[in-house]
Amino acid sequence: QQANRLTKDRMPRICDVMGVHGQKMVIRFLPSRFGPMNSRIFPSEPERWKCRTLGNYEHVLSEKLMLLAKEVLLPLAVQTNALIIGTESCDVMNAFMQVAAPLQRQLGSHCPFKVLFFLQAPRLEYRAKRDGSCIWNFKRQCKQWQEAALDTAIRKKYGAHDCFHPQVDLAPGDYSAIMFECLSEGSLSEKVANSFENDFISSLADTHPVIGLQTLGSGQMTTVPTAADHASRGMPLLLLDSHQRDGHRTAKAFLEECRKARQEVDLVKVMQMCRADIESLAKDWHDSGRSERHSTSTIAYAKAVLSEAHKSENRKTKQRSMWIWQAIKGKISTDEVAPGDVTLVEGVEPANLAKRNPYIEATNMILKQVGACEEWEAKYMLNKCSSTMEKILAATS
(Lines give C-alpha, C1' and ligand atoms only; values in the text may rest on other atoms or scores of the structure.)
Protein backbone atom coordinates (compact mmCIF):
# COMPACT_ATOMS: atom_id res chain seq x y z
CA GLN A 1 0.00 0.00 0.00
CA GLN A 2 2.86 2.40 0.77
CA ALA A 3 4.54 1.70 -2.57
CA ASN A 4 1.25 2.20 -4.42
CA ARG A 5 0.98 5.76 -3.05
CA LEU A 6 4.51 6.78 -4.04
CA THR A 7 4.70 8.60 -7.37
CA LYS A 8 7.70 9.35 -9.58
CA ASP A 9 8.20 12.83 -8.09
CA ARG A 10 8.85 11.22 -4.68
CA MET A 11 11.59 8.93 -6.01
CA PRO A 12 14.54 11.34 -5.50
CA ARG A 13 13.71 11.31 -1.79
CA ILE A 14 13.71 7.50 -1.83
CA CYS A 15 17.16 7.61 -3.45
CA ASP A 16 18.46 9.81 -0.65
CA VAL A 17 17.04 7.48 2.01
CA MET A 18 18.65 4.48 0.31
CA GLY A 19 21.99 6.26 0.10
CA VAL A 20 21.98 6.30 -3.70
CA HIS A 21 24.23 9.19 -4.68
CA GLY A 22 27.52 9.60 -6.50
CA GLN A 23 26.79 6.93 -9.12
CA LYS A 24 27.44 7.76 -12.76
CA MET A 25 25.41 4.97 -14.36
CA VAL A 26 22.54 2.59 -13.59
CA ILE A 27 22.70 -1.06 -14.68
CA ARG A 28 19.40 -2.87 -14.30
CA PHE A 29 19.13 -6.64 -14.40
CA LEU A 30 15.57 -7.46 -15.40
CA PRO A 31 14.42 -10.85 -14.04
CA SER A 32 16.30 -13.63 -15.85
CA ARG A 33 14.88 -16.93 -14.63
CA PHE A 34 14.93 -20.69 -15.28
CA GLY A 35 18.70 -20.87 -15.13
CA PRO A 36 21.00 -22.57 -12.58
CA MET A 37 19.22 -20.86 -9.66
CA ASN A 38 15.89 -22.53 -10.42
CA SER A 39 16.87 -25.89 -8.91
CA ARG A 40 17.84 -24.09 -5.70
CA ILE A 41 14.72 -21.92 -5.56
CA PHE A 42 12.48 -24.95 -6.17
CA PRO A 43 14.56 -27.92 -4.92
CA SER A 44 11.63 -30.35 -5.19
CA GLU A 45 10.98 -29.53 -8.85
CA PRO A 46 13.64 -31.80 -10.43
CA GLU A 47 12.03 -34.84 -8.79
CA ARG A 48 8.46 -33.76 -9.54
CA TRP A 49 9.00 -32.50 -13.09
CA LYS A 50 12.26 -33.69 -14.62
CA CYS A 51 11.36 -31.88 -17.84
CA ARG A 52 12.18 -28.59 -16.10
CA THR A 53 15.79 -29.51 -15.34
CA LEU A 54 18.68 -28.24 -17.45
CA GLY A 55 20.69 -31.45 -17.27
CA ASN A 56 24.35 -31.09 -18.30
CA TYR A 57 23.55 -27.66 -19.72
CA GLU A 58 23.16 -26.25 -16.18
CA HIS A 59 26.92 -26.35 -15.58
CA VAL A 60 27.66 -24.77 -18.98
CA LEU A 61 25.11 -22.03 -18.40
CA SER A 62 26.43 -21.34 -14.91
CA GLU A 63 29.94 -20.88 -16.31
CA LYS A 64 28.62 -18.52 -18.99
CA LEU A 65 26.82 -16.36 -16.45
CA MET A 66 29.84 -16.21 -14.14
CA LEU A 67 32.08 -15.27 -17.08
CA LEU A 68 29.64 -12.52 -18.11
CA ALA A 69 29.58 -11.16 -14.56
CA LYS A 70 33.35 -11.35 -14.04
CA GLU A 71 34.63 -10.18 -17.42
CA VAL A 72 31.94 -7.67 -18.44
CA LEU A 73 29.53 -6.57 -15.73
CA LEU A 74 31.86 -6.17 -12.75
CA PRO A 75 34.52 -4.14 -14.66
CA LEU A 76 31.74 -1.94 -16.08
CA ALA A 77 30.29 -1.39 -12.60
CA VAL A 78 33.70 -0.43 -11.21
CA GLN A 79 34.63 1.90 -14.08
CA THR A 80 31.31 3.76 -14.07
CA ASN A 81 30.64 3.89 -10.30
CA ALA A 82 27.40 2.15 -11.22
CA LEU A 83 24.25 1.49 -9.26
CA ILE A 84 23.33 -2.17 -9.85
CA ILE A 85 19.61 -2.95 -9.56
CA GLY A 86 18.10 -6.44 -9.61
CA THR A 87 15.80 -8.95 -7.97
CA GLU A 88 16.34 -11.84 -5.57
CA SER A 89 15.57 -14.65 -8.05
CA CYS A 90 17.48 -13.39 -11.08
CA ASP A 91 20.31 -15.61 -12.36
CA VAL A 92 22.32 -12.65 -13.68
CA MET A 93 22.04 -10.79 -10.36
CA ASN A 94 23.06 -13.95 -8.50
CA ALA A 95 26.15 -14.38 -10.70
CA PHE A 96 27.08 -10.72 -10.27
CA MET A 97 26.82 -10.91 -6.46
CA GLN A 98 29.04 -14.01 -6.40
CA VAL A 99 31.87 -12.20 -8.20
CA ALA A 100 31.24 -8.80 -6.58
CA ALA A 101 31.03 -9.87 -2.90
CA PRO A 102 34.80 -10.53 -2.50
CA LEU A 103 35.61 -7.11 -4.00
CA GLN A 104 33.04 -5.44 -1.74
CA ARG A 105 34.64 -7.04 1.33
CA GLN A 106 38.11 -6.00 0.17
CA LEU A 107 37.25 -2.36 -0.59
CA GLY A 108 34.61 -1.81 2.09
CA SER A 109 33.24 1.74 2.04
CA HIS A 110 35.59 2.60 -0.85
CA CYS A 111 33.81 0.20 -3.25
CA PRO A 112 32.95 2.35 -6.32
CA PHE A 113 29.62 0.68 -7.12
CA LYS A 114 26.45 0.14 -5.11
CA VAL A 115 23.85 -2.62 -5.26
CA LEU A 116 20.11 -2.30 -4.73
CA PHE A 117 17.76 -5.29 -4.51
CA PHE A 118 14.02 -5.15 -5.14
CA LEU A 119 12.75 -8.06 -3.05
CA GLN A 120 9.41 -9.87 -3.11
CA ALA A 121 8.42 -11.21 0.31
CA PRO A 122 6.54 -14.32 -0.98
CA ARG A 123 9.72 -15.67 -2.58
CA LEU A 124 11.64 -15.24 0.69
CA GLU A 125 8.93 -16.36 3.11
CA TYR A 126 9.97 -20.03 3.28
CA ARG A 127 13.57 -19.26 4.30
CA ALA A 128 12.48 -16.39 6.52
CA LYS A 129 10.74 -18.88 8.83
CA ARG A 130 13.92 -20.90 9.34
CA ASP A 131 16.52 -19.93 11.90
CA GLY A 132 20.01 -19.66 10.42
CA SER A 133 19.05 -18.13 7.08
CA CYS A 134 20.16 -14.60 6.17
CA ILE A 135 16.59 -13.46 5.62
CA TRP A 136 15.43 -14.82 9.01
CA ASN A 137 17.08 -11.94 10.87
CA PHE A 138 15.57 -9.47 8.45
CA LYS A 139 12.01 -10.68 9.02
CA ARG A 140 12.53 -10.86 12.78
CA GLN A 141 13.14 -7.10 12.79
CA CYS A 142 10.44 -6.14 10.28
CA LYS A 143 7.06 -5.80 11.99
CA GLN A 144 5.16 -5.17 8.74
CA TRP A 145 6.42 -8.42 7.26
CA GLN A 146 5.53 -10.38 10.39
CA GLU A 147 1.96 -9.05 10.16
CA ALA A 148 1.55 -9.73 6.42
CA ALA A 149 -0.90 -12.58 5.66
CA LEU A 150 1.17 -14.31 3.00
CA ASP A 151 0.59 -18.01 3.69
CA THR A 152 -2.84 -18.35 2.07
CA ALA A 153 -1.81 -16.43 -1.06
CA ILE A 154 1.40 -18.45 -1.41
CA ARG A 155 -0.47 -21.76 -1.11
CA LYS A 156 -3.00 -20.56 -3.66
CA LYS A 157 -0.24 -20.01 -6.22
CA TYR A 158 2.34 -22.70 -5.44
CA GLY A 159 0.45 -25.50 -3.69
CA ALA A 160 -0.60 -26.60 -0.21
CA HIS A 161 2.70 -28.11 0.92
CA ASP A 162 5.53 -25.67 1.62
CA CYS A 163 8.09 -27.92 -0.10
CA PHE A 164 6.63 -26.61 -3.37
CA HIS A 165 7.12 -22.96 -2.36
CA PRO A 166 10.05 -20.74 -3.48
CA GLN A 167 13.05 -21.12 -1.19
CA VAL A 168 15.09 -17.97 -1.83
CA ASP A 169 17.51 -16.54 0.72
CA LEU A 170 19.32 -13.20 0.75
CA ALA A 171 22.56 -13.17 -1.20
CA PRO A 172 25.84 -12.47 0.65
CA GLY A 173 27.33 -9.04 0.04
CA ASP A 174 26.88 -5.37 0.78
CA TYR A 175 23.67 -3.87 -0.61
CA SER A 176 20.45 -2.01 0.10
CA ALA A 177 17.01 -3.53 -0.40
CA ILE A 178 13.40 -2.50 -0.93
CA MET A 179 10.85 -5.20 -0.18
CA PHE A 180 7.26 -5.61 -1.39
CA GLU A 181 4.63 -7.89 0.12
CA CYS A 182 3.04 -8.41 -3.33
CA LEU A 183 -0.48 -8.95 -2.04
CA SER A 184 -3.62 -7.83 -3.85
CA GLU A 185 -7.07 -8.92 -2.67
CA GLY A 186 -5.73 -12.11 -1.13
CA SER A 187 -3.63 -13.16 -4.12
CA LEU A 188 -0.01 -12.64 -5.08
CA SER A 189 0.59 -9.83 -7.54
CA GLU A 190 3.80 -8.24 -8.83
CA LYS A 191 2.01 -5.26 -10.38
CA VAL A 192 2.79 -2.68 -7.67
CA ALA A 193 6.38 -3.91 -7.29
CA ASN A 194 7.03 -3.67 -11.03
CA SER A 195 5.37 -0.26 -11.29
CA PHE A 196 7.39 1.11 -8.37
CA GLU A 197 10.64 -0.27 -9.80
CA ASN A 198 9.95 1.26 -13.22
CA ASP A 199 9.09 4.66 -11.68
CA PHE A 200 12.21 4.50 -9.50
CA ILE A 201 14.49 3.71 -12.44
CA SER A 202 12.72 6.22 -14.68
CA SER A 203 13.46 8.89 -12.07
CA LEU A 204 17.14 7.90 -12.08
CA ALA A 205 17.11 8.08 -15.89
CA ASP A 206 16.45 11.84 -15.65
CA THR A 207 20.01 12.32 -14.35
CA HIS A 208 21.87 9.06 -15.16
CA PRO A 209 22.37 6.81 -18.18
CA VAL A 210 20.38 3.61 -17.60
CA ILE A 211 20.81 0.28 -19.38
CA GLY A 212 18.70 -2.84 -18.88
CA LEU A 213 19.90 -6.41 -19.38
CA GLN A 214 17.89 -9.63 -19.56
CA THR A 215 18.43 -13.21 -20.69
CA LEU A 216 17.10 -16.77 -20.12
CA GLY A 217 13.30 -16.64 -19.67
CA SER A 218 10.28 -15.87 -17.53
CA GLY A 219 7.24 -17.99 -16.77
CA GLN A 220 4.73 -17.52 -19.57
CA MET A 221 6.55 -14.29 -20.49
CA THR A 222 5.34 -12.61 -17.30
CA THR A 223 8.19 -10.08 -17.30
CA VAL A 224 7.40 -8.84 -20.82
CA PRO A 225 5.28 -5.87 -19.55
CA THR A 226 8.15 -4.76 -17.30
CA ALA A 227 10.65 -4.99 -20.15
CA ALA A 228 8.29 -3.20 -22.54
CA ASP A 229 7.75 -0.43 -19.98
CA HIS A 230 11.52 -0.08 -19.55
CA ALA A 231 12.01 0.34 -23.30
CA SER A 232 8.98 2.62 -23.79
CA ARG A 233 10.55 5.09 -21.35
CA GLY A 234 13.46 5.48 -23.75
CA MET A 235 15.96 3.39 -21.78
CA PRO A 236 18.20 0.93 -23.69
CA LEU A 237 17.46 -2.76 -23.20
CA LEU A 238 20.04 -5.43 -24.01
CA LEU A 239 18.67 -8.93 -24.60
CA LEU A 240 21.21 -11.78 -24.43
CA ASP A 241 20.76 -15.14 -26.13
CA SER A 242 21.82 -17.82 -23.63
CA HIS A 243 21.26 -20.76 -25.99
CA GLN A 244 23.92 -22.92 -27.57
CA ARG A 245 22.78 -22.65 -31.18
CA ASP A 246 25.18 -25.08 -32.84
CA GLY A 247 23.28 -26.12 -35.94
CA HIS A 248 20.39 -23.78 -35.11
CA ARG A 249 21.62 -20.46 -36.51
CA THR A 250 21.05 -20.83 -40.26
CA ALA A 251 19.45 -17.36 -40.46
CA LYS A 252 22.53 -15.66 -38.98
CA ALA A 253 24.81 -17.74 -41.23
CA PHE A 254 22.73 -16.80 -44.30
CA LEU A 255 22.98 -13.09 -43.42
CA GLU A 256 26.74 -13.38 -42.99
CA GLU A 257 26.98 -14.94 -46.46
CA CYS A 258 24.84 -12.17 -47.95
CA ARG A 259 27.01 -9.51 -46.34
CA LYS A 260 30.26 -11.08 -47.60
CA ALA A 261 28.85 -11.52 -51.12
CA ARG A 262 27.16 -8.09 -50.97
CA GLN A 263 23.87 -9.68 -52.00
CA GLU A 264 20.41 -8.25 -51.40
CA VAL A 265 18.71 -9.73 -48.34
CA ASP A 266 15.46 -11.62 -48.85
CA LEU A 267 13.56 -10.82 -45.64
CA VAL A 268 10.92 -13.48 -46.27
CA LYS A 269 13.61 -16.16 -46.53
CA VAL A 270 15.42 -14.80 -43.48
CA MET A 271 12.26 -14.97 -41.35
CA GLN A 272 11.53 -18.51 -42.54
CA MET A 273 15.05 -19.59 -41.57
CA CYS A 274 14.78 -17.81 -38.21
CA ARG A 275 11.52 -19.65 -37.50
CA ALA A 276 13.16 -22.98 -38.45
CA ASP A 277 16.13 -22.23 -36.15
CA ILE A 278 13.86 -21.53 -33.17
CA GLU A 279 11.61 -24.54 -33.78
CA SER A 280 14.48 -26.99 -34.34
CA LEU A 281 16.26 -25.91 -31.15
CA ALA A 282 13.06 -26.36 -29.13
CA LYS A 283 12.57 -29.78 -30.74
CA ASP A 284 16.05 -30.84 -29.60
CA TRP A 285 15.18 -29.85 -26.04
CA HIS A 286 11.84 -31.67 -26.19
CA ASP A 287 13.38 -34.79 -27.72
CA SER A 288 15.75 -34.95 -24.74
CA GLY A 289 12.76 -34.69 -22.37
CA ARG A 290 13.37 -31.07 -21.36
CA SER A 291 11.06 -28.08 -21.52
CA GLU A 292 12.41 -25.06 -23.43
CA ARG A 293 11.47 -22.08 -21.22
CA HIS A 294 14.10 -19.51 -22.21
CA SER A 295 11.72 -17.19 -24.07
CA THR A 296 13.89 -14.09 -23.58
CA SER A 297 16.74 -15.85 -25.37
CA THR A 298 14.35 -16.66 -28.22
CA ILE A 299 13.38 -12.99 -28.47
CA ALA A 300 17.07 -12.02 -28.38
CA TYR A 301 17.88 -14.30 -31.32
CA ALA A 302 14.94 -13.07 -33.43
CA LYS A 303 15.84 -9.44 -32.67
CA ALA A 304 19.50 -10.07 -33.57
CA VAL A 305 18.47 -11.61 -36.90
CA LEU A 306 16.23 -8.63 -37.72
CA SER A 307 18.89 -6.10 -36.73
CA GLU A 308 21.47 -7.88 -38.87
CA ALA A 309 19.03 -8.03 -41.80
CA HIS A 310 18.41 -4.28 -41.58
CA LYS A 311 22.15 -3.69 -41.32
CA SER A 312 22.78 -5.79 -44.42
CA GLU A 313 20.14 -3.78 -46.27
CA ASN A 314 21.70 -0.51 -45.06
CA ARG A 315 18.32 0.54 -43.74
CA LYS A 316 18.26 3.65 -41.61
CA THR A 317 15.39 2.88 -39.29
CA LYS A 318 14.72 3.54 -35.66
CA GLN A 319 13.39 -0.02 -35.37
CA ARG A 320 16.95 -1.35 -35.11
CA SER A 321 17.21 0.21 -31.66
CA MET A 322 13.60 -0.37 -30.63
CA TRP A 323 12.34 -3.22 -28.52
CA ILE A 324 10.29 -5.61 -30.62
CA TRP A 325 6.83 -4.93 -29.20
CA GLN A 326 7.36 -1.18 -29.23
CA ALA A 327 8.24 -1.35 -32.91
CA ILE A 328 5.01 -3.20 -33.59
CA LYS A 329 2.99 -0.65 -31.66
CA GLY A 330 4.51 2.11 -33.76
CA LYS A 331 3.83 0.29 -37.01
CA ILE A 332 0.24 -0.67 -36.22
CA SER A 333 -0.56 2.98 -35.51
CA THR A 334 0.26 3.87 -39.14
CA ASP A 335 -1.39 2.87 -42.39
CA GLU A 336 1.71 1.06 -43.63
CA VAL A 337 0.24 -2.36 -42.79
CA ALA A 338 -3.37 -3.06 -43.60
CA PRO A 339 -5.46 -4.64 -40.80
CA GLY A 340 -5.93 -7.78 -42.87
CA ASP A 341 -2.16 -8.29 -43.04
CA VAL A 342 -1.72 -8.56 -39.27
CA THR A 343 -1.98 -12.11 -37.91
CA LEU A 344 -0.71 -12.44 -34.36
CA VAL A 345 -0.91 -16.15 -33.58
CA GLU A 346 -2.62 -18.45 -36.05
CA GLY A 347 -2.52 -18.76 -39.81
CA VAL A 348 0.09 -18.26 -42.50
CA GLU A 349 1.11 -14.66 -42.98
CA PRO A 350 1.09 -13.18 -46.49
CA ALA A 351 4.48 -13.22 -48.20
CA ASN A 352 4.75 -9.44 -48.19
CA LEU A 353 4.25 -9.17 -44.42
CA ALA A 354 7.91 -9.89 -43.61
CA LYS A 355 8.93 -7.27 -46.16
CA ARG A 356 6.54 -4.59 -44.92
CA ASN A 357 6.77 -5.29 -41.21
CA PRO A 358 9.17 -8.06 -40.15
CA TYR A 359 8.69 -7.10 -36.49
CA ILE A 360 5.08 -8.26 -36.57
CA GLU A 361 6.16 -11.49 -38.24
CA ALA A 362 8.87 -12.00 -35.59
CA THR A 363 6.43 -11.39 -32.74
CA ASN A 364 3.90 -13.76 -34.26
CA MET A 365 6.66 -16.36 -34.51
CA ILE A 366 7.80 -15.88 -30.89
CA LEU A 367 4.31 -16.00 -29.40
CA LYS A 368 3.47 -19.12 -31.36
CA GLN A 369 6.71 -20.83 -30.31
CA VAL A 370 6.28 -19.94 -26.62
CA GLY A 371 2.72 -21.30 -26.79
CA ALA A 372 3.95 -24.50 -28.43
CA CYS A 373 6.55 -25.00 -25.69
CA GLU A 374 3.95 -24.43 -22.97
CA GLU A 375 1.68 -26.95 -24.70
CA TRP A 376 4.50 -29.52 -24.90
CA GLU A 377 5.21 -29.16 -21.17
CA ALA A 378 1.51 -29.47 -20.28
CA LYS A 379 1.20 -32.66 -22.35
CA TYR A 380 4.40 -34.06 -20.84
CA MET A 381 3.12 -33.48 -17.32
CA LEU A 382 -0.32 -34.89 -18.15
CA ASN A 383 1.25 -38.06 -19.59
CA LYS A 384 3.43 -38.47 -16.50
CA CYS A 385 0.42 -38.00 -14.25
CA SER A 386 -1.68 -40.48 -16.22
CA SER A 387 1.15 -43.03 -16.23
CA THR A 388 1.57 -42.72 -12.46
CA MET A 389 -2.17 -43.12 -11.86
CA GLU A 390 -2.22 -46.26 -14.00
CA LYS A 391 0.67 -47.74 -11.98
CA ILE A 392 -1.09 -46.95 -8.68
CA LEU A 393 -4.32 -48.54 -9.88
CA ALA A 394 -2.47 -51.61 -11.14
CA ALA A 395 -0.69 -52.00 -7.82
CA THR A 396 -3.88 -51.74 -5.77
CA SER A 397 -6.11 -53.94 -7.94
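The chain folds into 18 helices and 8 strands, as seen in a predicted model. Of its 397 residues, 50% count as buried. The chain exposes about 20100 Å², and carbon and sulfur atoms supply 52% of that area. Among contacts with a separation of 6 or more, 79% join residues that are 24 or more positions apart.

A good place to begin a tour is helix H7, which spans residues 121-128. This helix is mostly covered, with 7 of its 8 residues buried. The buried set consists of Ala-121, Pro-122, Arg-123, Leu-124, Glu-125, Tyr-126 and Ala-128. Charged residues are thus found in this buried set, including Arg-123 and Glu-125.

Farther along the chain, strand S7 (210-214) and helix H12 are joined by a loop that holds Thr-215. Leu-216 sits in this loop between S7 and H12 as well. Thr-215 is buried because its relative accessibility is 3%, below the 20% cut-off. Leaving aside residues up to four places away in sequence, Thr-215 touches Ser-32, Arg-33, Leu-65, Val-92, Leu-240, Asp-241, Ser-242, Thr-296 and Ser-297. Leu-216 has a relative accessibility of 0% and therefore also counts as buried. The backbone of Leu-216 deserves a second look: its phi is positive, about 55°, although the residue is not a glycine.

Helix H12 itself comes next, covering residues 224-232. Its buried residues are Val-224, Thr-226, Ala-227, Ala-228, His-230 and Ala-231. H12 is followed by Gly-234, which has a positive phi near 85°. Gly-234 lies in the loop that leads from H12 to strand S8 (237-239). With a relative accessible area of 63%, which is over the 50% cut-off, Gly-234 is exposed. The C-alpha atom of Gly-234 is separated by 9.0 Å from that of Ala-205, a residue 29 positions away along the chain.

A positive phi is found at Cys-182 too, with a value of about 60°, although this residue is not a glycine. Cys-182 is placed in the loop between strand S4 (176-180) and strand S5 (183-184). Its relative accessibility is 7%, so Cys-182 counts as buried. Other cysteines can be compared by their cover. Cys-142 has a relative accessible area of 18% and is therefore buried, since the cut-off is 20%. Cys-134, at 44%, falls between the cut-offs of 20% and 50% and so counts as partly exposed. The structure holds 0 disulfides, which means that no pair of cysteine sulfur atoms lies within 2.5 Å.

Attention can now turn to the spaces in the model. The second largest pocket has a volume of about 870 Å³. Its lining is made up of 34 residues, and those nearest its centre are Phe-34, Arg-52, Gly-219, Gln-220 and Arg-293. Several helices each supply at least two lining residues: H3 (38-41), H4 (45-48), H10 (151-158), H15 (295-312) and H18 (358-396). Of these, H18 gives the most, with 5 residues. By chemical class, the lining of this pocket divides into 10 nonpolar, 12 polar and 12 charged residues.

The model also contains 4 cavities of 30 Å³ or more. The largest cavity has a volume of about 80 Å³. Its lining consists of Arg-28, Pro-31, Arg-33, Thr-87, Gln-120, Glu-190, Asn-194, Glu-197, Thr-222, Thr-223 and Thr-226. These residues divide into 1 nonpolar, 6 polar and 4 charged. Two of the lining residues have already appeared above. Arg-33 lines the largest cavity and is also one of the residues touched by Thr-215. Thr-226 lines this cavity and is among the buried residues of H12.

Definitions and conventions:
Residues numbered from 1 in each chain as written. Predicted model: local features only at pLDDT ≥ 70, side-chain atom pairs only at ≥ 80, totals over all residues. Heavy atoms only, no water. Buried < 20%, exposed > 50% of the residue type's maximum accessible area, 1.4 Å probe, protein only. Helix = DSSP H or I, 4+ residues; strand = E, 2+ residues; numbered from the N terminus. 1 Å grid on protein atoms, 1.4 Å probe; cavity = no way out; pocket = protein on both sides within 12 Å on 5 of 7 lines; lining within 4 Å. Points joined across faces, edges and corners; volume = space filled by probe spheres on them. Contact = heavy atoms within 4.5 Å. Areas by Shrake-Rupley, 256 points an atom, 1.4 Å probe, with all protein chains shown as cover.
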